[in-house]
Amino acid sequence: MSITQTDLTRINTFVFDVDGVLTDGLLYCFADGEQVRAFNIKDGFAIKHALSQGYRVAIISGKNEPGVRKRLEQLGIEDIFLGIEDKVDTLENYLYMQGVHPGTVAYMGDDMPDFEVMQRCGLRACPADAADDIREISTFTSTKKGGRGAVRELIETIMKTQDTW
């Protein structure tokens, strides 16, 4: 699918999955049960910049790890939904509560748990290494892999189009 200038200019809300999008999808498990992920600092800068320019940023992830929440909070993200089984219901409730039209939302996901929820958003985005089915429905495919700047590329592309970068 292709992306148009209009698709980019109407976006005012970013929604991201965590594993495979904000991280590279690797999970380091330690003997004490702690699970560690690595986040890209450039993705973090772009998120903070988007928030400072008035964009909404939300996270919807199936996993619920305290370290992930702490990192997201450090970036200034307030709308954090972790441990979510039904991403569609969570997104729809979030949009309703915020008064956001689905057509103004860019959602970046990477695998099948994101498939249905992505189809409810105006801009469907994915990292370069997303699952084939996700790449097929995406209107924006990053040249970067998950956890390697894909989020930054999406945010920067949209904000530059809107002259807010």
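Helices are taken here as DSSP runs of H or I with at least four residues, numbered from the N terminus. By that reading, N93 of this predicted model belongs to helix α4, which spans residues 87-98. N93 is partly exposed, its relative accessible area being 42%. Between N93 and L51 the C-alpha to C-alpha distance is 21 Å, for a separation of 42 residues in sequence.

A good place to continue is with the aromatic rings. A pair of aromatic rings is described by the distance of the centres and the angle of the planes. The structure contains four aromatic pairs. In one of them, F14 and Y55, the ring centres are 5.6 Å apart and the planes meet at 45°, so this pair counts as tilted. F14 sits in strand β1 (residues 13-16), while Y55 sits in the loop between α2 (41-52) and β4 (56-60); the pair therefore ties together parts that are 41 residues apart in sequence. Both rings belong to buried residues, F14 as well as Y55. A second pair, F45 with W165, is edge-to-face, with 6.1 Å from centre to centre and 80° between the planes. Because F45 lies in helix α2 and W165 in the segment after α7 (150-161), this contact ties together parts that are 120 residues apart in sequence. F45 is partly exposed at a relative accessible area of 46%, and W165 is likewise partly exposed, at 30%. Returning to the tilted pair, F14 and Y55 join F16 in one aromatic cluster.

Strand β1 leads on to the strand pairing. β1 and β6 run parallel and are joined by four bridges, with A106 of β6 as the bridge partner of F14. In a regular strand the side chains alternate between the two faces of the sheet. Strand β6 (residues 105-108) is covered on both faces: V105 and Y107 point to one side, A106 and M108 to the other, and all of these residues are buried. β6 also pairs with strand β7 (residues 123-126), again in the parallel sense, over three bridges. Here Y107 stands opposite R124 of β7.

R124 deserves a closer look. What is the setting of R124, buried or exposed? With a relative accessible area of 14%, R124 falls under the 20% limit and is therefore buried. The side chain of this strand β7 residue reaches the backbone oxygen of I137 at 2.7 Å. R124 and C29 are 31 Å apart in space, C-alpha to C-alpha, and 95 residues apart in sequence.

Next comes the question of enclosed space. How many cavities of 30 Å³ or more does a search of the whole structure find? The search finds one, and the largest cavity holds about 30 Å³ of space. Its lining is made up of L22, F39, N40, D43, G44, I47, L72 and L75. Helix α2 supplies the largest share of that lining, with three residues. Sorted by class, the lining of the largest cavity has five nonpolar residues, two polar ones and one charged one.

Finally, the backbone at D163 merits a note. Most residues other than glycine have a negative phi, and most peptide bonds are trans. D163, although not a glycine, has a positive phi of about 55°. This residue lies in the segment after α7, where W165 of the edge-to-face pair is also placed. D163 is exposed, because its relative accessible area of 73% is over the 50% limit.

Key. Residues are numbered from 1 along each chain as its sequence is written. This is a predicted model: local features need pLDDT of at least 70, side-chain atom pairs count only at pLDDT 80 or more; totals for chains, interfaces and linings use all residues. Side-chain values use heavy atoms; hydrogens and water are left out. Rings of Phe, Tyr and Trp (its six-membered ring) pair if their centres lie within 6.5 Å; planes under 30 degrees apart count as stacked, over 60 as edge-to-face and the rest as tilted. Helices (H or I, at least four residues) and strands (E, at least two) are DSSP runs, numbered from the N terminus. Buried means under 20% relative accessible area, exposed over 50%, partly exposed in between (1.4 Å probe, protein chains only). Two strands pair if DSSP finds at least two bridges between them. On a 1 Å grid over the protein atoms alone, a cavity is a set of points where a 1.4 Å probe fits but cannot get out, and a pocket is an open set with protein on both sides within 12 Å along at least five of seven lines; lining residues have an atom within 4 Å of a point. Grid points are joined across faces, edges and corners, and a volume is the space filled by probe spheres set on the points. Ala, Val, Leu, Ile, Met, Phe, Trp, Tyr, Cys and Pro count as nonpolar, Asp, Glu, Lys and Arg as charged, and the others, Gly among them, as polar. A polar contact is a pair of N or O atoms within 3.5 Å; within protein, one must be able to donate a hydrogen and the other to accept it, and residues adjacent in sequence count only if both atoms are side-chain atoms.
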